[in-house]
Amino acid sequence: MKMIPVSEPCLRGNETKYLLDCVQSGWVSSLGKYITMFEKNFADFCGVKHGIAVSNGTTALHLALATLGIGAGDEVIVPTLSFIATANAVHYTNATVVFADCEPETWNIDPREIEKKITSRTKAIIPVHLYGHPADMDPILAIAKKHNLIVIEDAAEAHGALYKGKRVGSFGQMGTFSFYGNKIITTGEGGIITTDDDELDNRLRFLRDHAMAPEKRYWHTEVGFNYRMTNMQAALGVAQMEQVEEFIERKRQIAERYISGLSGLSNITLPPQASWAKSVYWMFSILLNPEFPLSRDEFLLQLKAAGVDNRPFFYPIHEMPPYASDSGSFPVAEDLSRRGLNLPSAVTLTDDEIDSICQIIRSLAKQ
């Protein structure tokens, strides 16, 4: 039986052409024209001055934190409902991860909960634009300004999402993105940091390349990192950027067709889209309401048996062993995690496949 995948990359443009050009040029490591092109194209896409390409989305977060000098004794506030990399990057710096609960309306970090978690040691906030929907940035930025905090956007899942008409990755001091194979655009593995700050741009590039002195080759004045993207990865990225608007439009079309096909089911909650937001629906995510006739996990198994791949929501990070000592109550995140799931969302998904998935869900919903 053919399984409809949750996600798969769409490599139908100039990916092979540019990758072959890269290989034939011999510039296959971390120098080459495609690195520069990709960084510029993505920065322009986000509406910022600089893009610093790195090896993956997790190293993007870590490099951003390290560039700011965040370390032991500092605290960084992150949403507990996120992929674990958001917290791990803070942990790598020896800073303390402080979790905040989510808004039930958008599923993103709740600004009111951020305010409660601020102490004299708080240095930064990392809002995550979960599953393609922007976090509510204005109150987050206001809190950061009030308490003199840094904001780093984790936009790994939200390429092109709009907050009040402006693209994510352009609000905080820095934004970070992932280009893993299931993201809206992909470089296989890879990531990027976006910023408008010239000094941060220079510092990020310095630390990304082993902290080698620009004026004296092989002279290292600090401990840096090898977080560089390869020219081959960037070649894929340049080709993907040529199609990014098409991909985003298709993501929204997929969401609209799902919403139409599942409308009227009172035991399912459809994904949010706030009046001030334009989601890119990286994943088409739904919640099963308490009256749904199956548990969430039983529902996932039934979908898979019918040939529909799926994923549960992330576990709240505070529940997992490396972070389980964190104290606090996170009822919204815990509820969302237990009821949420992601349906097939690849831009290659056909309308017929969406209609078939909706029919299967309707049959299991028994409405």
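Let us start with the loop between strand S4 (122–125) and helix H6 (137–147), where tyrosine 131 is found. Please keep in mind throughout that this is a predicted model. Tyrosine 131 is not a glycine, and yet its phi is positive, at about 55°. Is this residue buried or exposed? Buried means under 20% relative accessible area. Tyrosine 131 has 4% relative accessibility, and therefore it counts as buried.

Tyrosine 131 also belongs to the lining of a cavity, the second largest one. Its companions there include Thr106, Trp107, Leu130 and His133, together with Pro271, Pro272, Ser279, Tyr281, Met283 and Ser285. The space inside comes to about 60 Å³. By class, this lining has 7 nonpolar and 4 polar residues, with no charged residues.

Let me turn to the other end of helix H6. Asparagine 148 lies in the loop between H6 and strand S5 (150–154). Asparagine 148 is likewise a residue other than glycine with a positive phi, near 55°. How does its surface setting read, buried or exposed? Exposed means over 50% relative accessible area. With 72% relative accessibility, asparagine 148 therefore counts as exposed.

A further positive phi, near 75°, is found at asparagine 94, which follows helix H4. Helix H4 itself covers residues 85–92 and is mostly covered, with 6 of its 8 residues buried. Those buried residues are Ala85, Thr86, Ala87, Asn88, Ala89 and Val90. What do they pack against? Their partners are helix H3 (57–67), strand S2 (75–79), strand S3 (96–100) and S5.

Next, the nonpolar cores. In soluble globular proteins, nonpolar side chains tend to be buried together. In this model the largest nonpolar core has 77 residues. Which of its members touch the most other members? They are Phe38, Phe42 and Ile185. Helix H2, residues 33–46, gives the most to this core, with 7 residues. Another core, of 26 residues, lies apart from it, and Ile254, Leu265, Phe292 and Ala365 are among its members.

Isoleucine 185 deserves a closer look. Leaving out residues up to four places away in sequence, isoleucine 185 touches Phe38 and Phe42, and also His159, Ser178, Phe179 and Tyr180. Its list of contacts is completed by Gln240, Met241, Val244 and Phe247.

Gln240 and Phe247 appear once more, in the lining of the largest cavity. Rolling a probe the size of a water molecule over the atoms shows where empty space is left. How many cavities of 30 Å³ or more are counted here? The count comes to 2. About 80 Å³ of space lies in the largest. Besides Gln240 and Phe247, its lining includes Ser7, Glu8, Pro9 and Cys10, then Asn182, Lys183 and Ile184, and finally Lys251, Ala346 and Val347. By class, that lining has 6 nonpolar, 3 polar and 3 charged residues.

I now come to the sheets, of which I shall describe two. One is an open sheet of 3 strands in the order S7-S6-S11, with antiparallel pairing. Which strands stand at its edges? They are strand S7 (166–167) and strand S11 (277–278), each of which pairs on one side only. Strand S6, residues 162–163, pairs with S11 in the antiparallel sense over 2 bridges. Within this pairing, tyrosine 163 has alanine 277 in S11 as its bridge partner.

The other is an open sheet of 4 strands, also with antiparallel pairing, in the order S10-S12-S14-S13. Here the edge strands are S10 (268–269) and S13 (311–312), each pairing on one side only. Strand S12, residues 284–288, and strand S14, residues 340–343, run antiparallel and are joined by 4 bridges. Isoleucine 286 stands opposite leucine 341 in S14.

Let me close with arginine 228. Arginine 228 lies in the loop between helix H7 (198–208) and helix H8 (231–241). Its relative accessibility is 29%, so it counts as partly exposed. Apart from neighbours within four places in sequence, arginine 228 is in contact with Ser30, Val54, Ser55, Arg208, Asp209 and His210. Where does it stand with respect to phenylalanine 292? The two are 64 residues apart in sequence, and 47 Å apart in space from C-alpha to C-alpha. Phe292, as we saw, is among the members of the core of 26 residues.

Notes:
Residues numbered from 1 in each chain as written. Predicted model: local features only at pLDDT ≥ 70, side-chain atom pairs only at ≥ 80, totals over all residues. Heavy atoms only, no water. Pairing = 2+ DSSP bridges. Core = buried A, V, L, I, M, F, W, Y, C linked by side-chain atoms within 4.5 Å. Buried < 20%, exposed > 50% of the residue type's maximum accessible area, 1.4 Å probe, protein only. Contact = heavy atoms within 4.5 Å. 1 Å grid on protein atoms, 1.4 Å probe; cavity = no way out; pocket = protein on both sides within 12 Å on 5 of 7 lines; lining within 4 Å. Points joined across faces, edges and corners; volume = space filled by probe spheres on them. Nonpolar A, V, L, I, M, F, W, Y, C, P; charged D, E, K, R; others polar.
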